[in-house]
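Me: Could you take a close look at one loop that holds a cis peptide bond, and then walk me outward from there? I'd enjoy one connected account rather than a list.

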Amino acid sequence: MPSADHALKIAIDRHEAAPIYLQICERFKTAIAAGHLKPGDRVPALRGLATQLNIARGTVETAYTILVDEGYLQMRGAAGTFVSSSLPEAATPSGARKDRERGNAPRTARATRAEPAAEIGHDAKPLRPGLPALDAFPRKVWSRLVAHRARSGDLATLAYPDPAGYRPLRERIATYLGLSRGVACDPQQVFVTNGYRATLELVLRGLAKPEDRAWFEEPGYLLARNFLLDAGMRLVPVPTDDEGLDVDAGIALAADARFAFVTPAHQSPLGVTLSLARRMKLLDWASRAQGWIVEDDYDSEFRYAGRPLPALKSLDRDDRVIYCGTFSKVLFPGLRLSYVVAPGRAVERFGQVTASMNAGSPYLYQAAVADFIAQGHFARHLKRMRALYAQRREWLATAIQKAFGDRVSIGLPTGGMHLVAIFRADRDGPVDDLAMAARAREAGLAVLALSAWYLNGRSKETLRGIVVGFANVADAGEAARLARMLRRAYDG
Ligand SMILES: Cc1ncc(COP(=O)(O)O)c(C=O)c1O
């Protein structure tokens with residue numbers, strides 16, 4: 001039986017920001033990618049490696065569990081633990097070579113992209129998180145406004161649009177943010193973009209340096225995470241709890257990070273609100289570290305208990321917060337319109353970057369959105385959606401609870417358009433939510449596994465569950481039918 005015990009040199013660095021179990025994962029993956037460990041090789045026993053490294057056995061166990069979950073290792077009971085005989089392509093020496101040729105250094109976080117964007121998809125399948133109620137959008141009013149602008153005959157509207165955005169829309173956004181989110185800004189600071197990832201691209205091109213480190217909520221928004229990793233940002237996963245991002249943990253992990261990406265109003269995906277104490281601490285950290293806080297305020301308009309909280313940006317005395325909003329939730333995502341409020345000291349830089357990216361969004365839709373807001377349709381639509389979503393949220397939460405009984409725990413979200421159903425561990429241990437979500441997707445539902453939102457991959461602490469959107473659930477009957485489909489996927 002080939003054994004790698006003698007060949008494998010694992011060294012950990014207690015000063016490194018990454019936790020020790022992640023360092024162990026990384027060392028194994030590197031050894032496998034380099035061919036030092038081959039399929040079928042036996043790896044050191046838990047106790048042996050723990051003694052060798054002078055660390056707790058549980059730490060090695062956490063690392064091995066992640067490596068097993070990700071397909072690198074196989075546990076074969078008393079026979080020991082082995083390098084998997086069917087390694088993922090990217091893990092093999094040839095896969096790693098291809099990765100290097102593409103300029104990608106191997107990274108733990110890269111290997112945890114269990115649900116890449118392609119699998120998540122983008123269509124309007126039932127339960128898709130983040131998709132607003134398409135059936136309730138006032139399409140007639142919208143078509144009228146678009147048609148009116150299209151007929152205007154103004155030749156200037158056929159020229160290149162202003163890359164920073166259509167001025168009247170920037171003005172409307174600035175006024176709306178002042179009134180509804182407590183964000184005092186000048187229209188000059190508002191840049192219209194084509195979705196949150198385009199906003200991030202603008203932010204990174206404007207302010208980031210190669211190899212910058214950034215705090216990222218753990219668990220956190222899957223698509224932004226993948227985008228930032230692809231852009232070369234070194235993400236430091238910072239745990240979140242029932243007060244939102246744990247700022248002290250962030251400081252302990254990487255006090256000198258340059259960015260913190262946060263969803264303060266409605267944490268994505270867990271739905272908690274960043275407490276006032278944490279907000280103040282986060283702002284304080286940013287001032288001291290001269291860092292930037294990227295506030296992703298994607299769905300704060302939908303709050304079902306009390307008024308929406310003011311944005312974090314409203315407390316920003318030191319001009320450190322980059323406020324990001326989107327029309328994807330409050331109108332519809334096919335529009336591809338979003339915006340970012342540049343801190344005063346970064347306005348000029350954002351202007352240069354937007355001009356050089358030659359961005360700019362179609363005049364027609366920007367003008368129609370400006371009209372939609374100016375004529376009061378926007379405020380009316382939001383009011384109607386708040387009532388509708390509160391009802392749909394209730395239907396789906398009740399139906400899932402009924403279909404799953406005490407196998408899941410569901411906190412009724414106080415805001416947003418999705419809910420998280422957390423699976424209780426069963427007799428065999430934690431539920432494999434990735435497999436469950438994959439079965440649900442095969443059955444036609446657009447469900448995401450909660451553990452996939454963790455940058456650190458799956459460990460004992462990782463919550464298992466599903467993230468489901470409730471905005472398009474038409475009635476209680478449909479909610480019950482979808483919940484039964486979920487239950488079938490859960491049962492396998
Ligand atoms: C956490 C989060 N941020 C931002 C967005 C908005 O993305 P976009 O503006 O690209 O539609 C979403 C959409 O689902 C989201 O879930």
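**The loop before α12**

Reply: Happy to! P269 sits in the loop that runs between β8 (259–262) and α12 (276–289). Helices and strands here are DSSP runs, numbered from the N terminus (H or I, at least four residues, for helices; E, at least two, for strands). Please keep in mind that this is a predicted model, where local features need pLDDT of at least 70, side-chain atom pairs count only at pLDDT 80 or more, and totals for chains, interfaces and linings use all residues. Residues are numbered from 1 along each chain as its sequence is written, and side-chain values use heavy atoms, leaving out hydrogens and water.

The peptide bond leading from S268 into P269 is cis, with omega near 15°. Another cis bond joins E218 to P219, with omega about 0°, and P219 is placed in the loop between β5 (213–218) and α10 (222–230). For background, most peptide bonds are trans, and most residues other than glycine have a negative phi. On the phi side, L127 has a positive value of about 75° although it is not a glycine; L127 belongs to the loop between α6 and α7.

Back to S268, which also takes us to the ligand. S268 is one of the residues around the ligand (a heavy atom within 4 Å of it), along with G195, Y196, Y221, D296, Y298, T326, S328, K329 and R336. Three of these approach ligand oxygen atoms as follows: a polar side-chain atom of K329 at 2.5 Å, a polar side-chain atom of S328 at 2.6 Å, and a backbone N or O atom of Y196 at 2.9 Å.

What surrounds P269 on the scale of domains? The assignment, which comes from an automatic or database source, gives domain 1 (20–110), domain 2 (117–134 + 382–491) and domain 3 (138–379), so by these bounds P269 falls in domain 3. The C-alpha centres of domain 2 and domain 3 are 26 Å apart. In contact (heavy atoms within 4.5 Å) are 30 residues of domain 2 and 31 of domain 3. Together they bury about 2700 Å², with carbon and sulfur atoms giving 66% of that area; buried area is the accessible area (1.4 Å probe) that two parts lose on being put together, summed over both. L382, W453 and L455 supply 30% of what domain 2 buries against domain 3, more than any other three residues.

There are zero salt bridges across this interface, a salt bridge being a side-chain nitrogen of Lys or Arg within 4 Å of a carboxyl oxygen of Asp or Glu. The two domains do share 16 residue pairs in polar contact, both residues at pLDDT 80 or more. A polar contact is a pair of N or O atoms within 3.5 Å; within protein, one must be able to donate a hydrogen and the other to accept it, and residues adjacent in sequence count only if both atoms are side-chain atoms.

On the domain 2 side, α6 (117–120), α15 (377–404) and β13 (418–423) are the elements giving two or more residues, with α15 giving the most, seven. That side divides into 21 nonpolar, six polar and three charged residues, where Ala, Val, Leu, Ile, Met, Phe, Trp, Tyr, Cys and Pro count as nonpolar, Asp, Glu, Lys and Arg as charged, and the others, Gly among them, as polar.
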